[in-house]
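I opened a new page for this protein today. My plan is to go from the whole chain down to single residues and write down what I find.

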Amino acid sequence: MFAGYQAISQNTFEQIITNSADQKINQIIEDNNGNFVMVGQMNNSVSFPGGYVIKIDGAGNLLNEIVIHPIDTLAYIFFNIHFYNSNYYLLGICTDSTNFEQKKIWYVKLNENLEVISQRESMLPIGHWFSYFNSIIDSDTNFVIAGYTSTNNGVQIYHNDPAFYKMSLEGDSINSCFLSTPIKIRQAYDLLEDTSNSQYFTFVSGFENTSPGQKLILTKEFDSLGIEPVPFGITERYSPTYLTDTSILMCGLGTLGSEPYRLNVIAVNLENQPIAYNHFEIGENMKDYPAMYNGVSKNGNNIYVGGTSNFDYYNSSWSTFDSWFHLVKINPDIIPIWEYWYGGDAYYFLYSILATNDGGCIMVGSRYDYETQNQERDIYIVKVDNNGLVTWTQEIPIYKPETTVYPNPGMDQLNIKTSINYTDLEIIDLNGKVVIKQNLDKDQSVINTESLKSGMFFYRLIDKKNKTIETGKWIKK
């Protein structure tokens with residue numbers, strides 16, 4: 001059943017796609033006609049899970065909905081979708097029908113009517129399967145995959161290893177790299193091609209003990225060129241995107257100077273040095289979690305970051321919690337323009353966001369009401385305009401303080417003028433260490449910065465609930 005609520009404002013809608021099966025959507029794209037196509041998995045009690053594809057128009061009306069079942073496989077799921085030369089390319093995994101230990105990468109090419117043009121399957125090392133991957137189309141028009149394979153060694157003790165894979169636009173295997181180490185959990189989540197088109201930046205975790213999150217640099221043949229820690233210890237679900245030709249924006253979980261279970265958003269230069277940082281949360285001791293597959297999206301001057309608020313760590317699929325899609329529109333300095341929450345009457349989990357061609361943003365994920373459903377999720381889709389507005393949702397605007405920090409650049413004294421009561425200021429160095437923390441007066445405070453060395457610092461203002469209400473950069477001459 002397809003239930004929808006059409007909004008009257010510019011190209012916004014809220015839709016629920018529901019049936020008796022458990023439905024999950026991982027990723028969404030917009031095609032040249034303004035339609036949205038999304039892929040994932042459908043699972044019911046009658047047959048093995050199938051690759052799930054949904055197509056809606058720009059107003060949210062259902063155009064097509066299909067489940068793809070290859071003949072010689074048992075279980076299937078699509079992780080990613082790409083749109084290129086008027087065709088849709090779907091990438092996922094499947095299981096061999098005669099050997100359950102044999103997993104495959106699954107490639108499907110569809111036309112605009114969602115008719116199968118071709119499909120290919122590529123064998124993975126026996127006993128390994130991709131639990132997660134993300135992919136790009138690189139400058140050579142090849143699909144490049146970064147993810148991690150899992151194995152349980154027959155005793156249900158899972159071991160995750162990074163893996164990288166390249167195939168042609170027609171699904172032919174070109175190159176692969178499957179790492180295997182004694183370390184139990186080493187994972188790759190995302191990748192970018194560098195601006196010179198000569199190498200890949202892959203974003204991983206667990207490679208080194210110095211930082212939870214790292215940027216691994218690979219040649220086009222997947223040879224390692226080096227590894228660098230992601231500043232502030234930001235890790236997992238990075239969703240990296242180019243902010244400019246010389247800077248990368250990403251989002252992740254936090255450690256080592258950033259906030260755990262928050263939407264930690266950072267901009268870095270190509271040398272992996274921080275340019276700007278902020279974090280976003282719903283507060284009240286609830287966890288925030290970045291969108292599973294794509295939590296950062298940029299289209300023109302519109303930049304969005306998304307995740308799940310009140311994430312259930314112990315039951316992320318069928319929780320009894322009430323939760324929300326959490327969406328923030330930011331400027332290039334990661335200062336929020338607005339911040340809204342959508343949902344709240346069931347358990348909502350955000351998988352992907354996409355900045356749309358009309359300036360707005362579309363979010364897709366799951367909705368689960370434990371009182372009426374038994375481990376079968378529905379698809380929840382929200383399309384907002386560039387002001388974050390849509391009907392039939394719960395919207396919570398962010399508080400916008402009026403604060404002035406000067407002089408900037410400065411030397412041995414920093415002046416803070418604010419209209420907010422009970423505010424603390426933190427000054428943070430490039431390693432994520434808080435070097436100064438001071439309570440601010442309502443009108444104006446003077447901060448002694450003589451002890452700081454020359455260089456760039458970040459500052460953030462924190463209210464009495466320990467919520468960040470403003471951030472910025474400050475340079476000491």
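I began with contacts between residues at least 6 apart in sequence: 50% of them join residues at least 24 apart. I note here that the model is a predicted one.

Next I looked up the secondary structure. I found 37 strands and zero helices.

Then I turned to the surface. The accessible surface comes to about 19400 Å². Carbon and sulfur atoms account for 48% of that area. I also looked up burial, and 60% of the 477 residues count as buried.

**Entry: the cores**

I asked which residues touch the most other members of the largest nonpolar core. They are Phe130 and Met250, in a core of 42 residues. I listed the contacts of Met250, leaving aside its neighbours within four places in sequence. Among them are Phe203, Val230, Tyr238, Pro240, Ile266 and Val296. Ser239 and Asn264 are also on the list for Met250.

There is a second, separate core of 19 residues. Its members include Tyr348, Cys361, Tyr380 and Val384.

**Entry: cysteines**

How many disulfides are there? I wrote down zero. I then checked two cysteines for burial. Cys251 has a relative accessible area of 1%, so I count Cys251 as buried, the limit being under 20%. Cys361 is buried too, with a relative accessible area of 0%.

**Entry: a hairpin**

I picked one pair of strands to follow. Strand β9 covers residues 103-110 and pairs with β10 in the antiparallel sense. I noted seven bridges between β9 and β10. One bridge takes Trp106 to its partner Glu121 in β10. The two strands, β9 and β10, form a hairpin with five residues between them. In the turn, Leu114 has a positive phi of about 65 degrees.

**Entry: Ser122**

I stayed with β10, which runs over residues 116-123 and holds Ser122. Is Ser122 buried or exposed? Its relative accessible area is 11%, and buried means under 20%, so Ser122 is buried.

I then asked what the side chain of Ser122 joins in a polar contact. The partner is the side chain of Tyr165, at 3.5 Å. Tyr165 also appears in the contact list of Ser122, made without the neighbours within four places in sequence. The other entries for Ser122 are Lys103, Lys104, Ile105, Gly171 and Ser173. I checked Lys103, Lys104 and Ile105 against the strand limits, and they fall within β9, residues 103-110.

Definitions and conventions
Residues numbered from 1 in each chain as written. Predicted model: local features only at pLDDT ≥ 70, side-chain atom pairs only at ≥ 80, totals over all residues. Heavy atoms only, no water. Helix = DSSP H or I, 4+ residues; strand = E, 2+ residues; numbered from the N terminus. Buried < 20%, exposed > 50% of the residue type's maximum accessible area, 1.4 Å probe, protein only. Polar contact = N/O pair within 3.5 Å; in protein donor to acceptor, adjacent residues only side chain to side chain. Contact = heavy atoms within 4.5 Å. Core = buried A, V, L, I, M, F, W, Y, C linked by side-chain atoms within 4.5 Å. Pairing = 2+ DSSP bridges. Areas by Shrake-Rupley, 256 points an atom, 1.4 Å probe, with all protein chains shown as cover. Disulfide = S-S within 2.5 Å.
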